[in-house]
Amino acid sequence: MRGTAPNPYWNTNVARHPDILRAVPEGCGDALDVGCGDGLLARRLTGRAERVTGVDSAPEMVARARGLAAGHPGLTFVEGDFLTADLPAGGYDFVCSVSAIHHMDFEAALTRMRALLRPGGTLVAVGLARSATPAERAATVAAAPAVRITKVLRRATDPGGMPTADPRMSYGQVRSAARRLLPGVRYHRHVLCRYSLTWQKPR
């Protein structure tokens with residue numbers, strides 16, 4: 001499979017891409033990027049999977065992703081609501097999502113991602129949450145200087161036009177719901193204002 005091009009930009013979402021790419025199982029046939037935006041991660045996934053599908057509800061993002069897909073055979077994009085889009089149940093070896101799940105009903109989205117995975121497949125979801133407890137707020141305050149410095153040093157930017165939404169769930173609520181829906185899930189809170197969920201579907 002072909003190698004991937006360097007990132008044209010960096011931000012706290014793109015910061016999670018290397019971990020996501022490392023989680024793609026060997027011999028991955030089909031991968032799905034939920035909330036693919038301009039398709040940057042989906043394009044990178046073509047270096048790890050035979051076929052990659054990106055899905056996004058924003059028409060302008062899908063149009064941009066399709067325009068940037070030249071030279072990436074096996075890469076397709078679907079415009080529509082992930083919760084109702086025509087995607088094959090049990091059709092993917094790898095499902096990922098970066099900062100999109102808080103735009104949807106969290107439990108419905110995780111349940112659909114779980115259903116779309118083949119047995120033995122891997123799910124990685126990166127998201128945003130709000131700090132609700134004293135411990136969560138303290139962690140956010142402690143990380144703030146590192147976040148600011150990293151953004152300056154890395155010249156953080158974004159491609160523009162990306163839909164935004166404030167997270168409704170707290171870190172604790174995310175962790176609790178994920179552990180109930182995905183038994184054995186690995187939850188990690190990252191310094192750069194994100195959490196990640198990593199889960200392998202039982203065979």
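Visitor: Does Glu107 count as buried, exposed or partly exposed?
Guide: This is a predicted model, and Glu107 has a relative accessibility of 33% in it. Buried requires a value under 20%, and exposed requires one over 50%. Because 33% lies between these two limits, Glu107 counts as partly exposed.

Visitor: With which residue does Glu107 form a salt bridge?
Guide: Glu107 belongs to helix α4, and the other member of the pair belongs to helix α6, 73 residues apart from it in the chain. The closest N and O atoms of the two side chains are 2.4 Å apart. The salt bridge of Glu107 is formed with Arg180.

Visitor: How many salt bridges does the count come to?
Guide: The pair of Glu107 and Arg180 is one salt bridge, and Arg22 with Asp19 is another. Arg118 and Asp30 also form one. The count comes to six.

Visitor: Why are Arg22 and Asp19 separated by about one helical turn?
Guide: The two side chains meet in a salt bridge, with an N to O distance of 2.3 Å. An α-helix has 3.6 residues a turn, so residues three or four places apart point the same way. Arg22 and Asp19 are separated by about one helical turn because both lie in helix α1 (residues 17-23), where their spacing is three residues.

Visitor: Which of these two, Arg22 or Asp19, counts as exposed?
Guide: Asp19 has a relative accessibility of 33%, which makes it partly exposed. The value for Arg22 is 58%. Exposed requires a value over 50%, so the residue that counts as exposed is Arg22.

Visitor: Which strands are linked by the salt bridge of Arg118 and Asp30?
Guide: The closest N and O atoms of Arg118 and Asp30 are 3.2 Å apart. The pair links distant parts of the chain, with their positions 88 residues apart. Arg118 lies in one strand and Asp30 in another, and these strands are β5 and β1.

Visitor: Is Asp30 buried or exposed?
Guide: Arg118, which forms a salt bridge with Asp30, has a relative accessible area of 27% and is partly exposed. For Asp30 the relative accessible area is 14%. Because the limit for this class is under 20%, Asp30 is buried.

Visitor: Which residues are linked in a network of salt bridges?
Guide: Arg118 and Asp30 form a salt bridge with each other. Both also belong to the network. Its members are Asp30, Arg51, Asp93 and Arg118.

Visitor: Which residues of the largest nonpolar core touch the most other members?
Guide: This core has 31 residues. Among the elements that give two or more residues to it are β1 (30-34), α4 (106-116) and β7 (194-200). The residues touching the most other members are Leu32, Phe82, Leu110, Tyr195 and Leu197.

Visitor: How many residues are in the second, separate core?
Guide: This core includes Leu41, Leu45, Phe77 and Val124. Leu197, of the largest core, is in contact with Val124 as well as with Phe106 and Leu110, among others. The second core is nonetheless separate, and its number of residues is 21.

Visitor: At which residue does α5 bend?
Guide: Helix α5 (residues 134-153) has 20 residues and reaches 29 Å from its first C-alpha to its last, close to the 28 Å expected. Its bend is about 40°, and Pro145 follows within four residues. The bend is at Ala143.

Visitor: Which residues of α5 are buried?
Guide: The cover over the buried residues of this helix includes α6 and β6 (186-190). The residue at the bend of α5 is one of those that are buried. Among the buried residues of α5 are Glu136, Ala143 and Val147.

Visitor: Which residue's side chain does Thr12 join through a polar contact of 2.9 Å?
Guide: Thr12 is found in the segment before α1 and, at 10% relative accessibility, counts as buried. Leaving aside neighbours within four places in sequence, Thr12 is in contact with Lys151, Leu192 and Arg194. The polar contact of 2.9 Å joins its side chain to that of Arg194.

Visitor: What is the phi of Cys193, which lies in the loop between β6 and β7?
Guide: Ser99, in the loop between β4 and α4, has a positive phi of about 50° although it is not a glycine. Cys193 is not a glycine either, and its phi is also positive. The value for Cys193 is about 60°.

Note on methods: Residues are numbered from 1 along each chain as its sequence is written. This is a predicted model: local features need pLDDT of at least 70, side-chain atom pairs count only at pLDDT 80 or more; totals for chains, interfaces and linings use all residues. Side-chain values use heavy atoms; hydrogens and water are left out. A nonpolar core is a set of buried Ala, Val, Leu, Ile, Met, Phe, Trp, Tyr and Cys residues joined through side-chain atoms within 4.5 Å. Buried means under 20% relative accessible area, exposed over 50%, partly exposed in between (1.4 Å probe, protein chains only). Contact means heavy atoms within 4.5 Å. A salt bridge is a side-chain nitrogen of Lys or Arg within 4 Å of a carboxyl oxygen of Asp or Glu. The expected span of a helix is 1.5 Å times one less than its number of residues. The bend at a residue is the angle between axes fitted to the seven residues ending there and the seven starting there. A polar contact is a pair of N or O atoms within 3.5 Å; within protein, one must be able to donate a hydrogen and the other to accept it, and residues adjacent in sequence count only if both atoms are side-chain atoms.
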